[in-house]
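Please consider the following model with attention to how its helices pack and how its interior is assembled. A short guided reading follows the display.

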Amino acid sequence: MTTVTDKVRDHFINPRNVGEMADATVVGEVGSLASGQALKLYLKIGADERIEAASFKVFGSPQAIAASSALTEMLKGKPVDDAARITADDIAAYLGGLPPEKMHACVIAMEALEAAYARFRGIALDNEGEEDLHHSVCRCYSVPEHKIERAIRDHNLTHVYQVTHYTTAGGGCGSCHVDIMQIIDRVRAEMAPAKPATRPAPALAGATGNVSNLQKMQLIQEVLDREIRPGLAMDGGDMELVDVQGNQVFVRLHGHCNSCSSSSATMKFFVQDRLREMVDPNLEVIDTTEHSAELHAPPMR
Ligand code: FES
């Protein structure tokens, strides 16, 4: 269950340093209304390069307000080079911790700080201006690839639901999940090229001729546990592995997931793609969920 510290609540109800700063030395701006989060951070920096004042304007969740407020308090009096080293985890720690699924609030605050610092130092941010739909991996939340890559590297992420926690990418329709998985695989391979992958390696694909049905079932269960079920749990759903017969994988959806046959069909192919990639290219997923007929009946006239 999501818990909120007293400090988060306090910074949300009584946010410090809200509003534009007319005499700001520099402004850092990130996010967009389309992504559901936008933040402007105003910094007044003295001749000695200490931050004399900080303020913000934010559009976003209560946690985004709390994180922005906390950051402005953390920045006051700091040398600007020291301030630039503040991380999302530092902001969360200042607030007494945030639930993982709310960490994106601290990430956007940190990014606004980075944008302000880059502008102050005259450093070009090569990703500026990319937060539009045409450059987004996740079109629901306008999240570009470089943000997803960075979250994976900075926080050692391994699953789509974790990327959603840190970036919001993947938190909508879910159609970007496969793309996010591929980015996770690529970035993690770049991070530790010599290490074996923590999840079943793609090299397993096609190798099931050498493994027993029990081993194949264990591999499939592991992929479901690692790759699929955590994301479903975020929406109150779950997926059960019912049986494996040859290349046929029988699954059943539970909770929120079994209330819609169309999402079930999408999920079937999503799961099938992942299992084919990770376990065996010949696998076929068969959904045995019994969907509630009344939910899909045509409306009464
Ligand atoms: S495109 Fe990413 S959740 Fe919809």
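How are α2 and α5 oriented to each other: parallel, antiparallel, perpendicular or oblique? In this predicted model, the axes of helix α2 (residues 62–75) and α5 cross at roughly 40° and come within 8 Å. Angles under 35 degrees would count as roughly parallel, and 65 to 115 as roughly perpendicular; α2 and α5 are therefore oblique to each other. Their crossing is right-handed. The contacts between the two helices involve Q63, A64, A67, S68 and L71 on the α2 side, which meet A105, C106, I108, A109 and L113 of α5.

Several of these residues reappear in the interior. The largest nonpolar core comprises 57 residues, and those with the most contacts inside it are A67, I91, C106, A109, L113, V163 and I180. Helix α5, spanning residues 104–121, gives the most to this core, contributing 12 residues. Both domain 1 (6–121) and domain 2 (133–191) supply at least three residues each to this core. I91 illustrates the packing: leaving aside residues up to four places away in sequence, I91 touches A67, A70, L71, I86, C106, A109 and M110. A second, separate core has 18 residues, among them L219, L232, V249 and L275.

A further position to examine is R139, located in the loop between β4 (136–138) and β5 (143–144). R139 has 16 other C-beta atoms within 10 Å and is therefore partly exposed. The C-alpha atoms of R139 and A34 are separated by 9.2 Å, although the two residues are 105 residues apart along the chain.

Key
Residues numbered from 1 in each chain as written. Predicted model: local features only at pLDDT ≥ 70, side-chain atom pairs only at ≥ 80, totals over all residues. Core = buried A, V, L, I, M, F, W, Y, C linked by C-beta atoms within 7 Å. Buried ≥ 20, exposed ≤ 12 C-beta atoms within 10 Å, placed from the backbone. Helix = DSSP H or I, 4+ residues; strand = E, 2+ residues; numbered from the N terminus. Domains from an automatic or database assignment. Contact = placed C-beta atoms within 7 Å. Axes fitted to C-alpha atoms, helices over the stretch in contact; angles between N-to-C directions. Parallel < 35°, antiparallel > 145°, perpendicular 65-115°, else oblique. Left-handed = near helix turned anticlockwise from the far one by under 90°.
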